[in-house]
Amino acid sequence: MKYTWEDSAMTHRIAVYVRDGLLAMELGIVHRLFGQAYSDSGAALYEVITCTDSAGPIRTDSDVRILVERGLDAVAEADTVIVPASDADYEPDVAAVSPLLRVVTNQRLASICTGAFVLATAGLLDGKRATTHWKSASRFEELYPKVLLDPNVLYTEDGNILTAAGEASGIDLCLHMIRQDFGAAVANRVARGTVVPPHRSGGQAQYIDTPVPQTYGTSTAGTQEWALGNLGAPLSVEDLARRQSMSVRTFSRRFMAEVGISPARWIVAQRVQRARELLENTDLTVERIAHDTGFGTATSLRNQLAAELGVSPSAYRATFRVGGRLA
């Protein structure tokens, strides 16, 4: 719900539901961001309460435990329920439906990272768009085929259910909810106080260190190595097939069998990976990087990065370079 300043005395209650193996950083994110949200008159806009199945000590993913004083009774008082991740989410066996779901009514629900598994296990995400950490995306899709999983975004919102991709994406999600509840001015103040951007461009793809398929000791390995040394030159499947002394059809079939993707797709992936490396590690202009990676023009590179990563070259560089000169 969206409040006005006149309604600011109405504190929005948030219950953070934690489980054994809690990722402590995610609990801190929720308390810190919502805890910094104040009205113009200085009134706290949120009350954040930590709860668990039964009040008591909770193990975290670090060497500390936390003492949780509230049980599930806190959920009944909450306007929003947030489920952070637990290291138990990464175990092979999926836990049974959480007791949390027996007490949730019509509250806004949100998950951070693999906390989405809790909501999905209960069927709450069936037919809904959701996300989770990219490392867990494949397992999530196998377990919950009815969920419309989008592993490329930082967070999703579908009705009254929101999901964030990873720990840091929890910051993006919390700021989004603050913006949704009390407006951009409040969210921006919280962002400045936390020294984070009020909104990040792009999605998870820019943070995934994608291993570009390469094979060694195979019949096309020599051609792959040659192509990597000539990414700035015009490269076609015909060029690679000629280098391999094969017909295009035979080479393409062999390459697909050995590498898993087509030669043309492989070349693009290698060029994108090289462009990422140059954006992160050099001050070369976007035009020069486009030339050196075989994209030809800055426009072509921008279009390709937007398609692959969801961000522009300058935005990508700004994310991964501290103090780097933007091209």
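In strand β10 of this predicted model, A164 is the bridge partner of Y155. The two strands involved, β9 and β10 (residues 161-164), run antiparallel and are joined by 4 bridges. This pairing forms one end of an open sheet of 6 strands, whose order is β2-β1-β5-β6-β10-β9 and whose pairing is mixed. The edge strands, each pairing on one side only, are β2 (46-51) and β9 (155-158). From one strand to the next, the twist averages 15 degrees.

Further along the sheet order, strand β5 (residues 80-83) deserves a closer look. β5 pairs with strand β1 (residues 12-17) in the parallel sense, over 3 bridges, and within this pairing I82 of β5 has V16 opposite. A parallel arrangement also holds between β5 and strand β6 (residues 108-112), here with 4 bridges; the partner of V83 in β6 is S111. As for the side chains of β5, T80 and I82 point one way, while V81 and V83 point the other way. Residues on both faces of β5 are buried, as all four of these are.

Helix α1 provides a link between the sheet and the helices. On the sheet side, α1 lies across β1, β2, β5 and β6, and runs at about 160 degrees to β2. On the helix side, α1 (24-35) is packed against by the buried residues of α6, which also pack against α5 (169-182).

Which residues of helix α6 (residues 184-194) are buried? They include V186, A187, V190 and A191. These four are on the same side of α6, because the arc that they cover around the axis is only 135 degrees. The spacing fits a familiar rule: an α-helix has 3.6 residues a turn, so residues three or four places apart point the same way.

The contact of α5 with α6 can be described in both geometry and composition. The two helix axes come within 7 Å and cross at roughly 145 degrees. From α5, the contact takes in L175, I178, R179 and F182, which meet A184, V186, A187, V190 and A191 of α6. By class, the residues of this contact divide into 8 nonpolar, no polar and 1 charged. Just after α6 comes V195, which has a positive phi, near 60 degrees.

Positive phi values also turn up in two loops, and the two residues concerned make a handy pair to inspect. C113, which is not a glycine, has a phi near 60 degrees, and is found in the loop between β6 and α3 (116-121). S245, likewise not a glycine, has a positive phi of about 60 degrees; its place is the loop between α8 (237-243) and α9 (248-259). Are these residues buried or exposed? C113 has a relative accessible area of 2%, and therefore counts as buried. S245, in contrast, is exposed, because its relative accessible area is 67%.

Finally, some totals put these details in context. The chain has 13 helices and 10 strands, and 46% of its 327 residues count as buried. Among contacts between residues at least 6 apart in sequence, 65% join residues at least 24 apart. The accessible surface of the chain comes to about 15,400 Å², and carbon and sulfur atoms account for 52% of this area.

Technical notes:
Residues are numbered from 1 along each chain as its sequence is written. This is a predicted model: local features need pLDDT of at least 70, side-chain atom pairs count only at pLDDT 80 or more; totals for chains, interfaces and linings use all residues. Side-chain values use heavy atoms; hydrogens and water are left out. Buried means under 20% relative accessible area, exposed over 50%, partly exposed in between (1.4 Å probe, protein chains only). Two strands pair if DSSP finds at least two bridges between them. Contact means heavy atoms within 4.5 Å. Accessible areas come from the Shrake-Rupley method with a 1.4 Å probe; for residues, only the protein chains shown count as cover. The arc is that of the directions from the helix axis to the C-beta atoms. Axes are lines fitted to C-alpha atoms, for helices over the stretch in contact, and angles run from 0 to 180 degrees between N-to-C directions. Ala, Val, Leu, Ile, Met, Phe, Trp, Tyr, Cys and Pro count as nonpolar, Asp, Glu, Lys and Arg as charged, and the others, Gly among them, as polar.
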